[in-house]
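Biologist: I am new to this structure and would like a close look at a single part, a helix with a bend in its path. Could you walk me through that helix and then show me how the rest of the chain is laid out around it?

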Amino acid sequence: MPHHASRRTLITAAAMAAVAAAGAASASLGTHGTPDDPRSPEGPPGHHPDRASLRRFVDGMSLAEKVGQLFVSRAYGHSATDPDPADAEQNQALFGVRTAAELAARYHLGGIVYFAWAHNTRTPHQIAALSVGLQQAALTSGARIPLLLSTDQEHGAVARIGAPATLFPGAMALGAGGSTADAQRAARIAGAELAALGIRQDYAPVADVNVNPANPVIGVRSFGSDPHAVAALVAAQVRGYQGAGVAATAKHFPGHGDTETDSHVGLPVMRHTRAVWEELDEPPFRAAVEAGVDAVMTAHIVFPALDPSGDPATLSRPIVTGILRERLGFQGVVVTDALDMAGVRQKYGDDRVPVLALLAGCDQLLNPPDLGLAYRSVLAAVEAGELTEARIEESVLRILELKSRRGLFDEAYTTTEAVDATVGIRRHRDAADQIAARTTTLLANPRGLVPIDAAAGPRLLVTGTDPASPTGTTGPPTAVLARELTALGCRATAVPPARAVAAVPGHAAVLVCTYNVPEEDDENAQHRLVTDLVVSGVPVILLAVRNPYDPARLPACAAELATYSWTDVEMRAAARVLTGAVRPAGRLPVPVPGRYPLGHGLTR
């Protein structure tokens with residue numbers, strides 16, 4: 001783990017002052033307290049305190065401090081204390097403070113979640129400086145408890161931190177590779193880089209089993225449709241992340257893989273019977289629990305077979321306590337999915353949702369839309385007797401135990417050395433390329449077009465959809481693919497779809513990237529493009545760069561591949577497979593209805 005208590009070369013002068021203020025007694029206390037704490041001369045007990053020590057510390061906290069530990073909020077700005085003016089204004093409008101540091105101190109927050117759209121994740125050194133500044137704020141105010149800084153770094157389609165950090169294939173690509181060793185290695189490296197940035201909780205891996213091609217929100221974020229294969233890969237990633245000192249979070253309990261509504265914008269209903277749930281959805285979560293996962297995230301879905309009340313799982317005591325805690329025996333931290341999502345806000349108001357989540361058995365309340373309202377609502381529920389202070393303390397204790405397991409009471413700060421020695425280093429980027437090379441799936445090759453003879457320098461035309469980069473630091477995929485093919489000996493040119501058909505003459509083949517082609521829509525622009533290219537008579541190679549279902553919705557092509565993501569690491573892997581630099585090894589982790597069965601994949 002890239003944190004060294006003996007090396008405190010911090011990101012900024014302000015951060016250096018933070019260590020001096022917050023960690024003056026670190027030789028005996030860790031980096032969590034100051035020796036003049038009027039309530040406890042030693043602050044929170046350091047060096048992996050036991051449960052009894054943590055409980056004694058919780059007993060000395062005020063109710064306001066205890067409630068604050070339950071909340072994980074967003075905060076705007078690249079800096080803890082000096083955000084850009086627009087971000088300061090946004091913080092002021094939403095939270096009544098101008099900086100993330102003030103926010104952490106005012107509400108005694110247990111954590112802050114990083115988002116690119118909140119301008120938290122620009123560069124590795126900036127992220128690390130933000131983390132240090134936030135820890136300074138937490139460790140010099142209130143109960144002096146380090147923050148649990150978190151993000152959604154699933155890789156593939158969902159990632160908040162971009163290049164130059166190492167970016168790995170996403171879950172379905174790893175499912176196509178089928179290697180638990182690769183899955184664990186990817187998570188271990190990704191976790192080490194997060195830890196070097198000061199981030200100690202990742203909202204990954206996704207434990208949902210994707211059995212519905214129409215699922216609008218999970219799809220390639222899942223490892224696949226086989227519950228036992230998904231379970232093995234989930235457990236491997238839990239071990240990888242936590243072996244690097246980062247809390248893994250299995251999500252979205254009790255399973256979001258067979259829904260047709262996005263819980264960000266609506267309230268999905270899961271129609272599985274209890275028996276189907278036990279066979280299909282439960283195994284990955286059980287595997288995560290058995291692997292010692294630190295946290296489980298709930299889903300904002302209604303699951304009538306598990307709770308007929310109509311409440312979303314996040315607010316369901318039968319699901320959170322009855323199934324996750326009692327049936328699966330999970331004793332770690334239960335974190336809600338983001339509370340600003342529509343799925344959890346349709347039945348109850350924003351003042352009731354956090355209270356009901358705690359009554360259901362959740363511990364961390366993630367990103368409420370109105371933090372002040374949510375915080376006051378929980379305090380009021382305790383004062384009114386709806387929630388007991390003992391119930392609050394149960395969750396606080398679990399959260400502090402997680403922070404202790406991840407070493408935050410020993411070393412809460414990161415260093416410039418940790419960033420430079422860990423984030424985006426050549427060894428990590430090479431590992432990502434090696435892993436990606438085993439994921440690209442050759443679905444069809446009836447004319448033996450793949451591998452392309454790159455040594456002959458064929459002229460190739462690359463076109464198709466260029467979806468936005470998940471992190472804003474990669475792509476566009478057609479340009480990356482053309483560049484990589486050229487580097488391997490081909491003469492490849494990327495052109496936009498509007499110019500593609502006219503540009504076909506004189507090329508040996510056309511490579512077309514497709515992205516989530518809709519079913520039964522012959523007038524869709526992607527369908528028209530592929531049809532026109534096939535009619536041109538030049539061999540067409542199809543690359544499905546997100547969901548692998550596209551080939552079944554398009555005319556048959558001379559060769560068809562699935563990459564499961566459109567980020568640079570997968571485009572590089574596809575280029576190597578296309579030219580024979582590596583042999584295709586990926587196998588479909590989901591069936592493609594009407595075209596290919598589960599496990600299909602050619603080796604030539």
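Modeller: Happy to! The helix to look at is α11, residues 274–290, which bends by about 60° at Glu282. A proline, Pro283, follows within four residues of that bend. The bend at a residue is the angle between two axes, one fitted to the seven residues ending there and one to the seven starting there. Helices (H or I, at least four residues) and strands (E, at least two) are DSSP runs, numbered from the N terminus.

Before going further, please keep in mind that this is a predicted model, in which local features need pLDDT of at least 70, side-chain atom pairs count only at pLDDT 80 or more, and totals for chains, interfaces and linings use all residues. Residues are numbered from 1 along each chain as its sequence is written, and side-chain values use heavy atoms, with hydrogens and water left out.

Back to α11. Its buried residues are Trp277, Leu280, Asp281, Glu282, Pro283, Pro284, Phe285, Ala287, Ala288 and Val289. Here buried means under 20% relative accessible area, exposed means over 50%, and partly exposed lies in between (1.4 Å probe, protein chains only). Glu282, where the helix bends, is thus itself on the buried list. The cover over these buried residues includes two helices, α10 (227–243) and α12 (317–327), and two strands, β5 (249–253) and β6 (295–298). After α11 comes Gly292, with a positive phi near 85°.

The stretch leading into the helix is worth a look too. Pro254 sits in the loop between β5 and α11, and the peptide bond from Phe253 to Pro254 is cis, with omega near 10°. Most residues other than glycine have a negative phi, and most peptide bonds are trans. Phe253 also belongs to the largest nonpolar core, which has 134 residues; together with Phe71, Leu134, Val378 and Ile392, Phe253 touches the most other members. A nonpolar core is a set of buried Ala, Val, Leu, Ile, Met, Phe, Trp, Tyr and Cys residues joined through side-chain atoms within 4.5 Å. Apart from this core lies another, of 40 residues, among them Met172, Leu485, Trp566 and Leu588.

Phe71 shows what such a core residue touches. Leaving aside neighbours within four places in sequence, its contacts (heavy atoms within 4.5 Å) include Leu109, Leu365, Tyr375 and Val378.

A second cis peptide bond joins Ala163 and Pro164, with omega about 15°. Pro164 is in the loop between β3 (148–151) and α8 (171–177). His155 is found in that loop between β3 and α8 as well; it has a positive phi of about 75° although it is not a glycine, and it is buried at a relative accessible area of 6%. Arg144, in the loop between α7 (124–139) and β3, also has a positive phi, about 60°, without being a glycine. Arg144 counts as buried, with 14% relative accessibility.

Further along the chain, Thr440 lies in the loop between α17 (426–437) and β9 (441–444) and counts as buried at 0% relative accessibility. Beyond four places in sequence, Thr440 touches residues including Leu561, Glu570, Val577 and Gly586. Arg426, in helix α17, is exposed, with a relative accessible area of 53%. Its C-alpha is 34 Å from that of Leu366, and the two are 60 residues apart in sequence. His527, in helix α20 (residues 525–535), is buried at 13% and is in contact with Asp521, Asp522, Arg553, Leu554 and Pro555, its neighbours within four places left aside.

Now step back to the whole protein. Its secondary structure comes to 21 helices and 14 strands, and 64% of its 604 residues are buried. Among contacts between residues at least 6 apart in sequence, 75% join residues at least 24 apart. The radius of gyration, taken over C-alpha atoms, is 25 Å, in agreement with the value near 25 Å for a compact globule of 604 residues; that rule is 2.2 Å times the number of residues to the power 0.38.

Finally, a word on confidence. pLDDT, the predictor's confidence in each residue from 0 to 100, averages 91, and 92% of the residues score at least 70. Over residues 1–43, though, pLDDT stays under 50.
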